[in-house]
Amino acid sequence: MHAIVIKEPGGPDVLSWDRVPDPRPAPGEVRIDVAASAVNRADVSQRQGNYPPPKGASEYPGLECAGRIAELGPGTEDSGWSVGDEVCALLTGGGYAEQVAVPVGQLLPVPDGMAMADAAALPEVACTVWSNVFMTAGLRSGETLLVHGGGSGIGTFAIQLAHANGARVLTTAGGPEKLRRCAELGADAGIDYRTEDFAARAKELTGGKGVDVVLDIMGGSYLEGNVRSLATGGRLVVIGLMGGRSAALDLGRMLVKRLSVHATTLRSRPVEEKAAIVAGVREHVWPLIARGTVRPIVDRTVPLADASEAHRVMESSAHIGKIVLTR
Ligand SMILES: NC(=O)c1ccc[n+]([C@@H]2O[C@H](COP(=O)([O-])OP(=O)(O)OC[C@H]3O[C@@H](n4cnc5c(N)ncnc54)[C@H](OP(=O)(O)O)[C@@H]3O)[C@@H](O)[C@H]2O)c1
């Protein structure tokens with residue numbers, strides 16, 4: 001098969017569409033004939049040499065895909081999946097390829113009538129947002145969520161899912177156009193982080209109370225502001241470190257307000273935990289997608305062999321939603 005190979009750590013041009021050995025499904029896995037994959041920020045870090053794949057994972061980038069099951073691996077005959085089924089999948093790597101092997105617990109059915117390019121944009125955002133905002137932070141109807149980077153792949157999905165579950169959603173983004181799109185997706189208020197102090201605005205927008213949950217992609221540079229934004233009993237979930245990995249934490253403010261800080265990554269979780277998250281997504285998120293309440297937001301599609309171009313777009317942050325790679 002062909003796959004995108006990272007020739008050496010570096011810029012987008014180190015991505016090369018090369019002939020490589022076909023993947024073989026291990027026990028408990030199936031092999032998928034990939035129709036589409038999608039780009040995640042983590043792929044950019046992997047390309048730069050800053051986010052190596054976990055032990056045992058494919059060396060090729062790509063954390064999600066959509067396609068058809070081409071082969072059932074040992075022990076998956078009674079899994080309920082068959083050769084030819086249209087699926088999308090949460091991957092630990094290897095999605096930028098013509099074929100990929102994946103544990104059955106990480107498969108989801110392609111929603112009825114949905115194009116492969118749209119289905120490929122779902123697994124990573126659905127699993128990340130469901131596991132962090134709902135399973136970890138326990139966001140409830142009537143509570144307020146602050147989503148950073150509302151125009152990102154993650155942000156566009158978090159806004160929709162929180163709104164659909166009855167939460168009030170505040171979001172940050174860089175500029176009025178992205179904030180307008182966030183409002184269309186269900187954000188109740190937008191904060192332009194380039195011109196406004198997001199923590200002060202979050203306080204104002206909640207009548208001084210603060211927000212119940214923050215979904216953060218910045219890490220170090222936003223830690224102080226995030227803690228300042230939270231209401232009593234608030235929960236901060238850090239899923240990205242685009243603003244650095246360390247900063248001072250005011251424990252005094254935390255204990256007075258009874259706050260909690262969580263930090264998680266999906267890719268390194270054991271197979272059983274990923275399967276539990278995928279099962280939760282199928283039960284709680286897939287029905288909202290079937291009804292059209294929550295939908296994949298695809299900024300553009302790019303040919304898989306031209307993944308370098310897709311990475312250039314992602315690094316420019318010109319996109320809103322997901323960048324999808326198609327064969
Ligand atoms: N832990 C996990 O399991 C997990 C899983 C998936 C994703 N993630 C993380 O989630 C983040 C988003 O991933 P993605 O794939 O959705 O990336 P993406 O689409 O490239 O989004 C990144 C966004 O960050 C925004 N941004 C940049 N600086 C900002 C700032 N100071 N304040 C607020 N927003 C800012 C950018 O747009 P503007 O600046 O134009 O607004 C852009 O929309 C990444 O950090 C990624 O590593 C983590």
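## Two domains and a ligand between them

Over residues 10-325 the chain is 31% helix and 25% strand, and the C-alpha atoms at the two ends of this stretch are 20 Å apart. The model described here is predicted. UniProt, in an unreviewed entry, lists residues 10-325 under "domain: Enoyl reductase (ER)".

**Domains and their contact**

The domain assignment divides the chain into domain 1 (2-122 + 269-326) and domain 2 (126-263). Taken over C-alpha atoms, the centres of domain 1 and domain 2 are separated by 26 Å. To their contact, domain 1 gives 17 residues and domain 2 gives 14 residues. Which helix gives the most to the side of domain 1 that touches domain 2? Helix α9 (residues 271-284) does, with 5 residues. By kind, the residues on this side of domain 1 are 10 nonpolar, 5 polar and 2 charged.

**The ligand**

Around the ligand there are 26 residues, of which Gly149, Ser152, Gly153, Gly174 and Gly240 come nearest. Four elements give two or more residues to this shell: α1 (41-48), α3 (123-136), α4 (153-164) and β9 (168-173). The shell divides into 13 polar, 10 nonpolar and 3 charged residues. Why does the ligand lie between domain 1 and domain 2? Domain 1 (2-122 + 269-326) and domain 2 (126-263) both give residues to the shell, so the ligand lies between them.

**Helix α3 and the loop before it**

Helix α3 is one of the elements that give two or more residues to the shell around the ligand. α3 is mostly covered, with 12 of its 14 residues buried. Among the buried residues of α3 are Pro123, Cys127, Trp130 and Phe134. At Trp130, α3 bends by about 25°. Just after α3, Gly138 has a positive phi of about 60°.

Ala120 lies in the loop between α2 (116-119) and α3. Is Ala120 buried or exposed? Ala120 has 31 other C-beta atoms within 10 Å, and because a residue with 20 or more counts as buried, Ala120 is buried. Leaving aside neighbours within four places in sequence, Ala120 is in contact with Ala36, Ser37, Ala38, Glu64, Cys65, Ala66, Cys88 and Val324. Glu71 is 49 residues from Ala120 along the chain, and the C-alpha atoms of these two residues are separated by 19 Å.

**Positive phi outside glycine**

Most residues other than glycine have a negative phi. Arg258 has a positive phi although it is not a glycine, and Ser317 also has a positive value in a residue other than glycine. The table gives the phi and the loop of each residue.

| Residue | Phi | Loop |
|---|---|---|
| Arg258 | about 50° | between α8 (251-257) and β13 (260-263) |
| Ser317 | near 60° | between α11 (307-316) and β15 (322-326) |

How many C-beta neighbours does Arg258 have inside 10 Å? Arg258 has 11, and therefore counts as exposed, the cut-off for exposed being 12 or fewer. Ser317 has 15 other C-beta atoms within 10 Å, so Ser317 is partly exposed.

Conventions
Residues are numbered from 1 along each chain as its sequence is written. This is a predicted model: local features need pLDDT of at least 70, side-chain atom pairs count only at pLDDT 80 or more; totals for chains, interfaces and linings use all residues. Domain bounds come from an automatic or database domain assignment. Two residues are in contact if their C-beta atoms, placed from the backbone, lie within 7 Å. Ala, Val, Leu, Ile, Met, Phe, Trp, Tyr, Cys and Pro count as nonpolar, Asp, Glu, Lys and Arg as charged, and the others, Gly among them, as polar. A residue is near a molecule or strand if its C-beta atom, placed from the backbone, lies within 6 Å of it. The bend at a residue is the angle between axes fitted to the seven residues ending there and the seven starting there. UniProt positions are given in the numbering used here, feature names are shortened, and annotations may be inferred rather than shown by experiment.
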